[in-house]
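Take a walk through this structure, one strand at a time. Keep the model in view and follow along.

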Amino acid sequence: VFEDFDDGDSLNNFAKIHPNYGWYVSQIGGAVFTKPDSISAFEQLLDSSEERGKYLSVKFDVGDSGMVLIGSHIGEDTAYFDMSSLKAVRVTMRGDGDVSFALEHFKEVEENHFNKALWTTKATDEWTVVEFLPGEEVVMPEVYQVQWNAVSKEIALFSIFMSSGTFLEVDKIEFVGVDFSLSQ
């Protein structure tokens, strides 16, 4: 389990083995987070229930063409990890818009742009487990979306992009087939 948010801190579970800078947020093209309306601490992005424990919970307004991003460094800034053994990215989530999940390469190809393997789905208002498989990513090189095998040996970032809808909640993120204790 890469992250289940139950510890309530801004570091993903991988930080127990390898130091990292944890989770961050970004508002792009006029998009804004509306809950929380200002993000000064990661804990503001969390909610909880008796059934789920703590989970990521955000509301946003993407406007006409904006996007919000929630991401996490997998390691420190210059670190990257061989995730070529990945069998699936499994996410427990609910929401009301288009959401993309990406594993991004460590090398910046343009300011704040990284080649990435990216998968897209439509969130529903019921808690759902969604599974993304290597080989089924959306390939669009003009926007830095490449095949999994082009980046899989040097992954540095995990990102969630929301380009429509008004809310997203994520309870668990799993990288099936990846043993981070073996990563360097």
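Begin with Leu69, whose bridge partner in E10 is Phe161. This pair belongs to a predicted model. Strands E5 and E10 run antiparallel to each other, and six bridges link them. Leu69 has another opposite number: Ser26 stands across from Leu69 in E5. That link belongs to the pairing of E1 with E5, where E5 covers residues 67–73. This pairing is antiparallel too, and it counts six bridges.

Now step back to the whole sheet. It is open and has five strands, in the order E1-E5-E10-E7-E8. The pairing is antiparallel. Which strands stand at the edges? They are E1, residues 23–28, and E8, residues 113–122. Each has a single partner strand, so one side of each lacks a neighbour in the sheet. From one strand to the next, the twist averages 25°.

Look next at E10, which spans residues 155–162. This strand is mostly covered: eight of its eight residues are buried. In the strand order, E10 sits between E5 and E7. Seven bridges connect E10 with E7, residues 98–110, and the two strands run antiparallel. Find His105 here: it stands opposite Ile155 in E10.

Stay on E7 and pick out Ser100, which lies in that strand. Is Ser100 buried or exposed? Its relative accessibility is 13%. The cut-off for buried is under 20%, so Ser100 counts as buried. The side chain of Ser100 makes a polar contact with the side chain of Thr120, at 2.9 Å. Beyond its close sequence neighbours, up to four places away, Ser100 touches Leu118, Trp119 and Thr120. Ser100 also touches Ser159, Ile160 and Phe161. Phe161 is familiar by now: it is the bridge partner of Leu69.

Where does the largest pocket fit in? About 680 Å³ of space lies in it. It is lined by 30 residues, and the closest to its centre are Leu69, Glu104, Asn112, Lys116 and Phe161. So the bridge pair from the start turns up again, with both Leu69 and Phe161 in that group. The elements that each give two or more residues to the lining are E1, E5, E7, E8 and E10. Those names also make up the five-stranded sheet.

Now turn to another part of the chain. Strand E3, residues 46–49, runs antiparallel to strand E4, residues 53–61. Four bridges join E3 and E4. A hairpin of three residues leads from E3 to E4. Within this pairing, Ser48 has Lys54 in E4 as its bridge partner.

Lys54 is worth a pause. It lies in strand E4. Its relative accessible area is 35%. Buried means under 20% and exposed means over 50%, so Lys54 is partly exposed. Lys54 and Asp6 are 48 residues apart along the chain, yet their C-alpha atoms are separated by 4.7 Å. Asp6 is also a contact of Lys54, as are Asp4, Phe5 and Gly8. Further contacts of Lys54 are Asp47, Ser48 and Asp171. This list leaves aside neighbours within four places in sequence.

Finish on strand E11, residues 167–176, where Leu168 lies. Leu168 has a relative accessible area of 1%, so it is buried. How far apart in space are Leu168 and Met93? Their C-alpha atoms are 7.3 Å apart, although 75 residues separate them in sequence. Not counting residues up to four places away, Leu168 touches Leu56, Ser57, Val58 and Phe60. Its other contacts include Met93, Arg94, Gly95 and Val99. Ile160 and Met162 also touch Leu168.

Glu169 is found in E11 as well. At 9% relative accessibility, Glu169 counts as buried too. What does the side chain of Glu169 make polar contact with? One such contact goes to the side chain of Ser57, at 3.0 Å. Another, of 2.4 Å, joins the side chains of Glu169 and Arg94. Again leaving out residues up to four places away, Glu169 touches Tyr55, Leu56, Ser57 and Thr92. Met93, Arg94 and Trp127 are in touch with Glu169 as well.

Technical notes. Residues are numbered from 1 along each chain as its sequence is written. This is a predicted model: local features need pLDDT of at least 70, side-chain atom pairs count only at pLDDT 80 or more; totals for chains, interfaces and linings use all residues. Side-chain values use heavy atoms; hydrogens and water are left out. Two strands pair if DSSP finds at least two bridges between them. Axes are lines fitted to C-alpha atoms, for helices over the stretch in contact, and angles run from 0 to 180 degrees between N-to-C directions. Buried means under 20% relative accessible area, exposed over 50%, partly exposed in between (1.4 Å probe, protein chains only). A polar contact is a pair of N or O atoms within 3.5 Å; within protein, one must be able to donate a hydrogen and the other to accept it, and residues adjacent in sequence count only if both atoms are side-chain atoms. Contact means heavy atoms within 4.5 Å. On a 1 Å grid over the protein atoms alone, a cavity is a set of points where a 1.4 Å probe fits but cannot get out, and a pocket is an open set with protein on both sides within 12 Å along at least five of seven lines; lining residues have an atom within 4 Å of a point. Grid points are joined across faces, edges and corners, and a volume is the space filled by probe spheres set on the points.
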